[in-house]
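Hi,

Here is the structure I promised to pass on to you. Have a look at it first, then read on for what turned up in it.

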Amino acid sequence: MTPEQLVQLVAVLLSLLVAYIPGFSGWFEGLSLSKKLLVQAGFLALTTAVLYGLSCLGLYAVFACTWAGVWAAVVLWAKALLLNQGVYQAFVRLPKKVFGAE
């Protein structure tokens with residue numbers, strides 16, 4: 001699995017987790033829209049940072065341990081965030097609006 005695929009998988013799973021896992025979804029729904037975005041962005045940033053850290057330690061060769069590697073990690077994080085929000089809008093928020101649950 002490539003790093004891009006791994007982070008994309010985490011992005012999609014996170015969107016579904018915040019919508020459908022009991023307990024976590026209830027807590028998440030109580031947050032304001034900006035806090036929801038920050039929670040998801042933070043979790044994806046943590047995932048990307050772990051991949052970058054593992055690269056610098058030589059345990060998982062994903063990024064170069066340079067400024068170019070940092071930039072590549074930021075770009076990967078931004079792509080994952082866009083995917084995460086797209087999935088969240090399409091499969092969570094939109095259906096709730098359409099079916100009157102919101």
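Before the helices, one bit of background: the expected span of a helix is 1.5 Å times one less than its number of residues. Also keep in mind that this is a predicted model.

Let's use that rule straight away. Helix 3 covers residues 33-57, which makes 25 residues. From its first C-alpha to its last it reaches 36 Å, close to the 36 Å expected at 1.5 Å a residue. Helix 1 passes the check too: its 18 residues should span 26 Å, and its end C-alpha atoms are 26 Å apart, which agrees.

Now for the overall picture. The chain has four helices and zero strands, so if you read from the N terminus on, the elements run α-α-α-α. Of the 102 residues, 30% count as buried.

Back to helix 1, residues 3-20. Which of its residues are buried? They are Pro3, Val7, Val10, Ala11, Leu14, Ser15, Val18 and Ala19. If you look down the axis of helix 1, these buried residues fall within an arc of 165°, so they line one face of the helix.

Leu13 also lies in helix 1, but this one is partly exposed, with a relative accessible area of 48%. Together with Met1 and Leu9, Leu13 forms a nonpolar patch on the surface. The accessible area of the three together is about 320 Å².

Helix 3 has its own buried residues: Lys36, Gln40, Ala41, Leu44, Thr47, Thr48, Leu51, Tyr52 and Ser55. You may be surprised to see a lysine in that list, so let's stay with Lys36 for a moment. Its relative accessible area is 10%, and because buried means under 20%, Lys36 counts as buried. What does Lys36 form a salt bridge with? The partner is Glu29, and the closest N and O atoms of the pair are 3.4 Å apart. Glu29 counts as partly exposed, at 33% relative accessibility. A search of the whole structure finds one salt bridge, so you won't need to hunt for others.

Moving along the chain, Gly58 comes just after helix 3 and takes a positive phi of about 80°.

There is a disulfide to look at as well, and the structure holds one. It joins Cys56 and Cys65, with their sulfur atoms 2.0 Å apart. Why is this disulfide right-handed? The torsion about the S-S bond of Cys56 and Cys65 is about 100°, so the disulfide is right-handed. Both cysteines count as partly exposed: Cys56 is at 33% relative accessibility and Cys65 is at 47%.

Last stop, helix 4, which takes in residues 67-98. Lys79 has its place there. Is Lys79 buried or exposed? At 55% relative accessibility, Lys79 counts as exposed, because the cut-off for exposed is over 50%. How far is Lys79 from Glu4 in sequence and in space? The two are 75 residues apart in sequence and 9.0 Å apart in space, C-alpha to C-alpha.

When you open the model, try finding the Cys56 and Cys65 disulfide and the salt bridge of Glu29 with Lys36.

Cheers

Conventions
Residues numbered from 1 in each chain as written. Predicted model: local features only at pLDDT ≥ 70, side-chain atom pairs only at ≥ 80, totals over all residues. Heavy atoms only, no water. Patch = residues over 30% accessible without salt bridge, like charges linked within 9 Å, V, L, I, M, F, W, Y side chains within 5 Å. Areas by Shrake-Rupley, 256 points an atom, 1.4 Å probe, with all protein chains shown as cover. Salt bridge = Lys/Arg side-chain N within 4 Å of Asp/Glu carboxyl O. Helix = DSSP H or I, 4+ residues; strand = E, 2+ residues; numbered from the N terminus. Buried < 20%, exposed > 50% of the residue type's maximum accessible area, 1.4 Å probe, protein only. Disulfide = S-S within 2.5 Å. Arc of directions from axis to C-beta.
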